[in-house]
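Please open the model in your viewer and keep the sequence panel beside it, since each stop of this tour asks you to select something and then look around it.

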Amino acid sequence: MNTVQVSLQAADDVAVSYLAGQYLKLELPLDGDGAVTPLFYSIANRPNPMNPGSLEIFIYNGSELASRIIQYLRQLTGSHEQVTVTLPMGKAYLQTDLEKSHLLVAAGSGIAKIRCIAAEIVARSSNAQVDIYWSNRLAEDFYLLDEFRQLAEQYPNLSFTPILESVASGWAGRTGYIYRVIEQDFDSLHSTRTYLCGSPNMVYGTIDQLSMLGLSEDSCYSDVFEYAPRQQSVAV
């Protein structure tokens, strides 16, 4: 598995407060020159009143930088050394009426944010209608497959659909573009509240492709809207 789950625990005298769907900034001295590298990760666990200082993130080990981050954090395991974390960050947190249907869409590592939001929704309203779609390029990248399947078994109004981008040997699930799989399952998305986590192309492309079903950007929430807003054309 190429993804590593990291647990962070705040000191007893540190107050940790965030909303489901927000992210954090982790600062690590990776280069040994005193400078810190800022790293941004979705918080993967819902706020826990029994352990408010507990934070979980997932790191995809798909680059040289990610390998250095994971190695550095592993060296800290069991020690009393601390890392600097800044939170909460992001405006695309859970903020919608749970009486309405919710569509949660993730590509790749974007599932961390969706995991947090889904857990918060069912904790608040066990009868909420929630449909989760998660797309990956490789079958082995579905590192939370069993967890989401168990969630779907536990909550009758929650569905989970993993999607592989292309047909592969041994994969019996759905395949193709994530928006095409969604449009096969819905007649209308007019009253649906949608949270998307992935690349700007995935987020905007999914919204545009599903507009025929009534999905509008006004009913969508994504961190992409903040860090990669659409380019507005200016008439001259």
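Begin by selecting R137, and bear in mind that what you see is a predicted model. R137 counts as exposed, because its relative accessibility is 65%. Now add E165 to the selection: the side chains of R137 and E165 meet in a salt bridge, with 3.9 Å from N to O. This pair links distant parts of the chain, as R137 sits in the loop between β7 and α3 while E165 sits in the loop between β8 and β9, 28 residues apart. E165, at 42% relative accessibility, counts as partly exposed.

Keep R137 visible and select D141, which lies in the loop between β7 and α3. Which side chain of opposite charge is nearest to D141, and how far away is it? It is R137, 7.6 Å away, and D141 is buried yet has no salt bridge. A salt bridge needs a side-chain nitrogen within 4 Å of a carboxyl oxygen. If you display the surroundings of D141, leaving aside residues up to four places away in sequence, you will find that it touches N2, Y60, W134 and N136.

From this loop, move to the sheet.

Select the strands β9, β8, β7, β6, β10 and β11, which in that order form an open sheet of six strands with parallel pairing. The edge strands are β9, residues 174-175, and β11, residues 220-221, and each of them pairs on one side only. As background for what you are looking at, strands of a sheet pair through backbone hydrogen bonds, either parallel or antiparallel.

Zoom in on β6, residues 102-107, and β7, residues 130-136, which pair in the parallel sense over six bridges. Two positions help you to follow this pairing by eye: L103 stands opposite D131 in β7, and V105 has Y133 as its bridge partner in β7. If you colour β6 by accessibility, you will see that this strand is mostly covered, with five of its six residues buried.

Next, bring in the helices that lie across these strands. Select α4, residues 178-185, and follow it across β6, β7, β8 and β9, where the helix runs at about 150° to β7. Then select α5, residues 200-209, which lies across β6, β10 and β11 and runs at about 150° to β10.

The next stop is the nonpolar interior.

Which residues have the most contacts inside the largest nonpolar core? They are L104, I111, I114, I121, I132 and W134, in a core of 34 residues. Two or more residues of this core come from each of β6, α2, β7, α3, β8 and β10, and α2 gives the most, with eight residues. To see one member in its setting, select I111, which, leaving out residues up to four places away in sequence, touches A106, W134, Y143, L144 and F148.

Stay with the helices and turn to their charged side chains. As a general point, side chains of opposite charge can pair when their charged atoms come close.

Select E147 and R115, which form a salt bridge whose closest N and O atoms are 2.7 Å apart. Because E147 lies in helix α3 and R115 in helix α2, the pair ties together parts that are 32 residues apart in sequence. Is each partner buried or exposed, or something in between? E147 counts as partly exposed, because its relative accessibility is 34%, whereas R115 counts as buried, because its value is 13%.

Select E120 and R46 next, where another salt bridge is found, the closest N and O atoms being 2.8 Å apart. This pair also links distant parts of the chain, with E120 in helix α2 and R46 in the loop between β3 and β4, 74 residues apart. E120 is buried, with a relative accessible area of 9%, while R46 is partly exposed, with 31%.

For the last stop, follow the chain to the loop between α2 and β7 and select N127, which is found there. N127 counts as exposed, because its relative accessibility is 61%. Then select N157 as well and draw a distance between the two C-alpha atoms: N127 and N157 are 30 residues apart in sequence and 6.1 Å apart in space.

Terms used: Residues are numbered from 1 along each chain as its sequence is written. This is a predicted model: local features need pLDDT of at least 70, side-chain atom pairs count only at pLDDT 80 or more; totals for chains, interfaces and linings use all residues. Side-chain values use heavy atoms; hydrogens and water are left out. Two strands pair if DSSP finds at least two bridges between them. Helices (H or I, at least four residues) and strands (E, at least two) are DSSP runs, numbered from the N terminus. Contact means heavy atoms within 4.5 Å. Axes are lines fitted to C-alpha atoms, for helices over the stretch in contact, and angles run from 0 to 180 degrees between N-to-C directions. Buried means under 20% relative accessible area, exposed over 50%, partly exposed in between (1.4 Å probe, protein chains only). Lys and Arg count as positive and Asp and Glu as negative; His and the chain ends are not counted. A nonpolar core is a set of buried Ala, Val, Leu, Ile, Met, Phe, Trp, Tyr and Cys residues joined through side-chain atoms within 4.5 Å.
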